[in-house]
Amino acid sequence: MMSPIASENKDPKAASSITIMDDLKCALLLNNAGIGALMEGQRRRAFELFRNAFDIISSCAAGEEDCKVDPLGYQEVVYPASVYQAKVPFIPVSVPGIKFTTEAAGNSDDDVSCQRSATACGGTYYRNQPQQAAAYTFGKVFLFHPMLELERDCVDSFRAVMLYNMALLYHNASVNPHDEYEATALALYETCLELLERDDCPDDLACVYIGALNNTIQIHHGRADLATTQTLLDDLGTILRETLKRKDGHQHFLDDQDIHGLLLNVTCQRALICAAGA
């Protein structure tokens with residue numbers, strides 16, 4: 001488990017990695033600044049910040065110690081008190097403007113833009129096609145706890161969170177199945193899942209995994225890829241059962257709306273697939 005609170009004890013051996021640790025801190029700050037930009041409706045800027053954060057942390061993963069980080073490349077995020085009080089390292093955040101529906105809200109001058117009507121909820125029910133049952137897309141981005149303890153061994157986990165955030169922006173910009181935005185979102189979700197599957201997914205990252213897996217399912221479901229949808233729904237059902245029966249607080253990553261929507265996907269979409277194969 002990763003601790004959200006930085007330790008006061010400094011390992012003398014860490015002195016040789018101070019540059020990489022500084023770069024990790026900058027990458028996490030860039031990610032959080034991207035969420036701040038989303039809150040202000042600056043989606044292009046948010047994507048640039050997410051992309052920069054991912055590039056920096058990927059360089060750290062490759063062992064490159066001089067990432068030439070520009071400390072002026074981001075604005076410090078002002079966090080509400082509730083963020084500091086959170087006991088988890090990755091905090092799901094609802095962002096106004098992130099909504100999944102079949103109705104576009106008008107044109108935007110952003111290349112990576114939200115073409116959906118605004119909402120304050122973290123996920124959205126929508127219909128891929130008029131004849132299909134409502135589906136639920138997990139629509140929260142993930143903020144790093146401002147006091148998160150930085151551990152070099154967790155770089156892949158940090159990268160996965162940033163990939164998920166970028167994938168959600170592309171997914172939200174998609175209008176039709178198979179369009180460029182959706183294809184990019186799918187690739188990013190899948191890479192996120194691959195990173196989390198390299199080792200057993202830490203408990204702290206269960207919500208990130210669930211969000212990425214659920215949204216991957218919704219893309220395949222919208223494309224009528226029934227075989228892949230069925231396989232992934234089985235995986236989602238398993239991890240949901242394991243997460244919800246936990247009593248150590250990790251299930252609280254998900255609120256009631258998340259749980260209801262995710263369970264609806266597992267039950268209703270599986271039933272539709274069975275009906276289609278009958």
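Helices (H or I, at least four residues) are taken as DSSP runs and numbered from the N terminus, and the expected span of a helix is 1.5 Å times one less than its number of residues. The model examined here is predicted, so that local features need pLDDT of at least 70 and side-chain atom pairs count only at pLDDT 80 or more, while totals for chains, interfaces and linings use all residues. Residues are numbered from 1 along each chain as its sequence is written, and side-chain values use heavy atoms, with hydrogens and water left out.

For helix α6 (residues 206-222), the 17 residues should span 24 Å at 1.5 Å a residue, which agrees with end C-alpha atoms 24 Å apart. This helix is mostly covered, 17 of its 17 residues being buried (under 20% relative accessible area, with a 1.4 Å probe and protein chains only). A224, which follows α6, has a positive phi, near 60 degrees. In helix α7 (residues 226-244), an expected span of 27 Å for 19 residues agrees with the 26 Å between the end C-alpha atoms, and its buried residues include L232, L233, L236, I239 and L240.

The axes of helix α2 (residues 43-61) and helix α4 (residues 155-173), which are lines fitted to C-alpha atoms over the stretch in contact, come within 9 Å and cross at roughly 155 degrees; α2 and α4 are therefore roughly antiparallel to each other (angles over 145 degrees, on a scale from 0 to 180 between N-to-C directions). In the contact between them (heavy atoms within 4.5 Å), residues of α2 including F47, F50 and F54 meet residues of α4 including F158, M162 and L169.

Terms used: Helices (H or I, at least four residues) and strands (E, at least two) are DSSP runs, numbered from the N terminus. Buried means under 20% relative accessible area, exposed over 50%, partly exposed in between (1.4 Å probe, protein chains only). Angles under 35 degrees count as roughly parallel, over 145 as roughly antiparallel, 65 to 115 as roughly perpendicular and the rest as oblique.
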